[in-house]
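Here are a few notes from me on this one. Have the sequence and the fold open while you read.

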Amino acid sequence: MKLRSAQWYAGQDRNAYIHRAWMRRGVPDDAFTGRPQIAIANTASDLTPCNAHLNEVAASVRNGVYEAGGIPLDLPVVSLGETNVRPTAMLWRNMAAMATEEMLRANPVDGVVLLGGCDKTIPSLLMAAASVDLPAVVVPGGPMLNGSFRGKSLGCGTDVWRLSEEVRGGTLSQADFTSSESAMIRSRGHCNTMGTASTMALVAEALGTVVPGVAGTPAPDSRLLQAAHETGRLAVEMVGADRRPGTFLTKASFHNAIVALAAVGGSTNAVVHLLAIAGRLGVDLCLDHFDRIGSRVPVLVDLQPAGRFLMEDFHRAGGLLAVLHEVRDLLDPDALTVTGRPLVEHLDGAAVWDADVIRPREQPLVAEGGIAVLRGNLAPDGALIKPAAASPHLLEHRGRAAVFDSIEDFHARIDDPDLEVDADSVLVLRGCGPKGYPGMPEVSNMPLPKKLLEQGVRDMVRICDGRMSGTAYGTVVLHVAPEAAAGGPLALVRTGDIVSLDVKARRIDVDVPADELARRTPNKSTLDGFANPKRGWERLYVDHVQQAHTGADLDFLVGSSGSGVSRESH
Ligand code: FES
Ligand code: MG
């Protein structure tokens, strides 16, 4: 088989001389004569603490690549740390994907191992791999170990939201809150709740892009390094078999990913990422598939934010393969994986070892899980709600809207004692979609008004065109499309309008006649809430980003350009 990299290294002319000479670095002569060149696209960074250990994982991948006859090549790529990167890591997901795609295509690379962890890193790597269509396999960096504070486990993200609300509600002291801080992040790895990072690692495995059984292995566990070593070997095999994403990622793969997303009670962010990955592959996937496939799937995993446990417990209880084994009949048996074998074949022998953490099919945590897709005059193109993380008594609700034009407007007024809001009110926040607040930040799970918290209110219906953290919970309608800044009707709602949510009927509406709604125009303060960046990536992003219901990718990045080698550089 002729390797792609031979277009750089083969021959005796001046150009091949140049390509080889600079890449010798001490490797043997035969490094350039038929040995697959395997990039290790690595998102390790001190500023992405969740991924900082990936250099060690990369070393194990390197060993595996060498052992199988390949040549490993470190390729540091854009790293997005969820907690540090402003205004939101999501603003840079498409940029990271574009940069990785282009560097893989531009270089003498035959295959790639993708190292990610923190929320946006696995999605951006998979989008890149899909668009360059080289043999690619993911090693998820794995979750951190359980945190523990005063005898109780601490789940990162989820317990920050919970504890900070307790402080605002007056049931936890500021000092106790501060002293829990050092117990939150106990080890290397990504968030240990079923947040976006855990979700995307598991969903990537269900999709077929991770060696089955590896996702969810805790970051400090030596079995992660073993898996990395074996994945390095596999990457070389994948080049030999020409096993590219375009050859094995199909609609069936996405079906299985959606089943897994529902069964683990995963993050709403996975919807936008899976839609974007499918868009790169040309797989026909839309919001309705998530509702249709996912809503009949029981939630089996009792993890925060929907439940009690953390990822270390999940791995100990049998991990994703145990979950998929329980719902095997719902999976598409034809979907293949990086191993060349169907996902379902990898489920033989999988078992649940702790039925409190991974429930049996007959005793699910929630009978019908998944993500509900709502439509109505507030969200003509769709909006999401995660019923398992919502309050049952609010799933059918009518209330008066309290409207905020930006997250700053919200923060300025939410704790005002004179704010007209009660437990039945519906909090509406707009200007937080992909264009309005470039990147679509995780602000949809708005904190509740202080005066209501003090009355013991712990959940309210909230509606927003932004996203929310996968570690968050509450009755939150999010990803409203089209967003206010793209002309969506969310821009026209006024404080005092009656908003109705009916999850069973899949509706989200404002009780305003169509002709009156059509006559309304957005207020100046609403328009002022939308971003208008002057230059740079943000300008490009706002001009080209698509709406949440299609994956919030840039219009010109949808699809694939393949791995064709461009013209010579000199
Ligand atoms: Fe990185 Fe949560 S902050 S995974
Ligand atoms: Mg997050």
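The points below cover a sheet, the helix lying across it, and the main nonpolar core.

1. Before anything else, keep in mind that this is a predicted model.

2. Start with the sheet. It is open, has 4 strands in the order S2-S1-S3-S4, and its pairing is parallel. Strand S2 (71-76) and strand S4 (136-140) sit at the edges, each pairing on one side only. From one strand to the next, the twist averages 20°.

3. Which strand is joined to S2, and by how many bridges? That is strand S1 (residues 37-42), with 6 bridges between the two, and they run parallel. If you want one pair to click on, try Ala-39, whose bridge partner in S2 is Leu-73.

4. Now look at helix H10 (residues 222-241). It lies across S1, S2, strand S3 (111-116) and S4. Relative to S4, helix H10 runs at about 170°.

5. Next, the largest nonpolar core, which has 180 residues. Val-112, Val-203 and Ala-260 have the most contacts inside it. Helix H13 (residues 269-281) gives the most to this core, namely 9 residues. Which domains does the core draw on? At least three residues come from each of domain 1 (36-146 + 186-347) and domain 3 (372-532).

6. Val-203 is worth a closer look. What does it touch once its neighbours within four places in sequence are left aside? Its contacts are Ala-257, Ala-260, Leu-261, Gly-266, Ala-270 and Leu-274. Ala-260 turns up again here, having been listed with Val-203 among the residues with the most contacts inside the core.

Methods:
Residues numbered from 1 in each chain as written. Chains lettered and ligands numbered in written order. Predicted model: local features only at pLDDT ≥ 70, side-chain atom pairs only at ≥ 80, totals over all residues. Core = buried A, V, L, I, M, F, W, Y, C linked by C-beta atoms within 7 Å. Buried ≥ 20, exposed ≤ 12 C-beta atoms within 10 Å, placed from the backbone. Domains from an automatic or database assignment. Contact = placed C-beta atoms within 7 Å. Pairing = 2+ DSSP bridges. Axes fitted to C-alpha atoms, helices over the stretch in contact; angles between N-to-C directions.
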